[in-house]
Amino acid sequence: MPLRRLATATALATSLAAAPLAAAEDGVTTFTLENGMDVVVIEDTRAPVAVHMVWYRVGSSDEPPGKSGIAHYLEHLMFKGTEKRAPGEFSEVVEAQGGSDNAFTSFDYTGYFQRVASDRLSLMMEMEADRMTNLVLSDEVARPELGVVLEERSQRTDSNPGALFGEQRRAALFLNHPYGRPIIGWRSEIEELDMQDALDFYADHYAPNNAILVVAGDVTADEVRALATEHYGPIPANPEIAERQRPAEPPHLAERRLMFDDPQISQPYLVRSYLAPERDPGNQQEAAALVYLADLLGGSSATSLMGKALEFETQKAVYTSAFYSGTSYDDTSFGLVIVPAPGRSLPEAEADLDAVLARFMEEGPDMEAFARIKTQIKASQIFARDNLQSRARRYGEALTAGLTVEDVQAWPDILQAVTPEDVMAAAERLFDKRRSVTGYATPTAPQEVSQ
């Protein structure tokens, strides 16, 4: 897929007084500061609160080779103080205002947020702008935090067979693309990270022209514009920030199979993942069709094709599911899961899966199920409007994945325009086993003790 450019030096000449990137629509206004920082304002006056988010267009897939985990490690270190504030003081100040804060790292972005009373927004901007450029680190704080990250990996991944299985499947699915690396990093590489690695990554990627400010809540666009100009406006852009350069995924010429065992697995199961297209700027139709395909095949057990055929009609499985998320900078994955009924082997479960897929490709979607899913999607989008943080996150995730405000606002209508023919065409392109990984997860066989 073509690379999408970040804000570059030529974009820095954009004047604050210029027309907004998108006209106000549905309470959403966007503009760009002179230093290249994009701003999204979502007005919602139902409660006197505001969500303040800063999203950086850098995630684990933008890490230098051999430095996996550095994006997540830096996220931890961003709470370790600046020239103005002591380690831990940032969160203490937020808590003292009656608010909450946190941060997160993904493949395509790193984000920081606070939820506070709307009259505390200026303070949040002042503190976030401070740590955008004035992070202060020492070995005394950086080294122990690396131990915290390693312990997080131990608890969430190394002691979790499902997480380890997923990590291995992803590494097999992406032959060359950095999506094959875990967000938290490979343990052997995390252990070698140090303070200078974090400071280098910080200097390379943390700048206003590589960031998106999203503010949602009891605010106005003019208020946010004034505050953002005051706090973020003076920060100079980094002219060295350029387009993302990621290794391309080569053509997949052979299906891959993975056999994983762990003593903590109590019930064997299989997962098949396919390389799948993501939502592209101005071209989201295929991703929308795959949203329907996942629901039709493995949504509700009582109504999806896999659930009805394998859990209820034949009782060959105790659980089935399908998953897909198209908000991704590069190609993503589409997955199918089956936990076979006791006494049924994984090869038999895989044959059951293939039979269901063949049946779907021959018969097409159940029209009642299709209509129901379309209604559910519309309802879920209406209900999501009541969640302020969810609305802010939807824009942040999309924009750091290369989409535009217009793409975000067009997405509901694109979903409603999907037809059964669109779903079948997308399925035809998707279900190519050469672009798949089929993984078996089984309990570790007991070791025979020699006499």
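Arg-256 stands opposite Val-437 in β12. The next residue along, Arg-257, has Thr-438 of β12 as its bridge partner. These pairs belong to a predicted model, and the strands around them are a good place to start.

**The five-stranded sheet**

β8 and β12 (residues 436-443) run parallel and are joined by 7 bridges. Both belong to an open sheet of 5 strands, ordered β8-β12-β9-β11-β10. Pairing in this sheet is mixed. β8 (256-262) and β10 (317-324) each have a single partner strand, so one side of each is left without a neighbour in the sheet. From one strand to the next, the twist averages 15 degrees.

Two helices pack against these strands. Helix α5 touches β8, β9 (269-276), β11 (332-340) and β12. Helix α9 lies across β9, β10 and β11. The table gives their directions.

| Helix | Residues | Reference strand | Angle |
|---|---|---|---|
| α5 | 161-173 | β8 | about 160 degrees |
| α9 | 285-298 | β10 | about 175 degrees |

Which residues of β8 point to the buried face? They are Arg-256, Leu-258, Phe-260 and Asp-262. Arg-257, Met-259 and Asp-261 point to the other face and are not buried. In a regular strand, side chains alternate between the two faces of the sheet. The buried set in β8 includes charged residues, Arg-256 and Asp-262, alongside Leu-258 and Phe-260.

**Nonpolar cores**

The largest nonpolar core holds 45 residues. Tyr-73, Met-125, Leu-213 and Tyr-232 touch the most other members. Several elements give two or more residues to this core. The helices are α1 (70-77), α3 (121-133), α4 (139-158), α7 (195-205) and α8 (221-231). The strands are β3 (38-43), β4 (49-56) and β7 (211-217). Helix α1 supplies the largest share, 5 residues.

What does Tyr-73 contact beyond its neighbours within four places in sequence? The list is Ala-142, Arg-143, Glu-145, Leu-146, Val-149, Leu-193, Asp-194 and Ala-198. Apart from this core lies another, of 43 residues. Among its members are Leu-270, Tyr-324, Leu-336 and Ile-377. In soluble globular proteins, nonpolar side chains tend to be buried together.

**An exposed loop position**

Glu-34 sits in the loop between β2 (28-32) and β3. Its relative accessibility is 53%, so Glu-34 counts as exposed, the cut-off being over 50%. Glu-34 and Asn-209 are 175 residues apart in sequence. In space their C-alpha atoms are 9.2 Å apart.

**The chain as a whole**

The chain has 15 helices and 12 strands. Its radius of gyration is 24 Å, close to the 22 Å that the globule rule gives for 451 residues, so the chain is as compact as a globular protein of that length. The C-alpha trace spans about 65 × 60 × 40 Å along its principal axes.

Buried residues make up 53% of the 451 residues. The accessible surface comes to about 19,800 Å². Carbon and sulfur atoms account for 52% of that surface. Take the contacts between residues at least 6 apart in sequence: 80% join residues at least 24 apart.

Conventions
Residues numbered from 1 in each chain as written. Predicted model: local features only at pLDDT ≥ 70, side-chain atom pairs only at ≥ 80, totals over all residues. Heavy atoms only, no water. Core = buried A, V, L, I, M, F, W, Y, C linked by side-chain atoms within 4.5 Å. Buried < 20%, exposed > 50% of the residue type's maximum accessible area, 1.4 Å probe, protein only. Helix = DSSP H or I, 4+ residues; strand = E, 2+ residues; numbered from the N terminus. Contact = heavy atoms within 4.5 Å. Pairing = 2+ DSSP bridges. Axes fitted to C-alpha atoms, helices over the stretch in contact; angles between N-to-C directions. Rg over C-alpha atoms; globule rule 2.2 N^0.38 Å. Areas by Shrake-Rupley, 256 points an atom, 1.4 Å probe, with all protein chains shown as cover.
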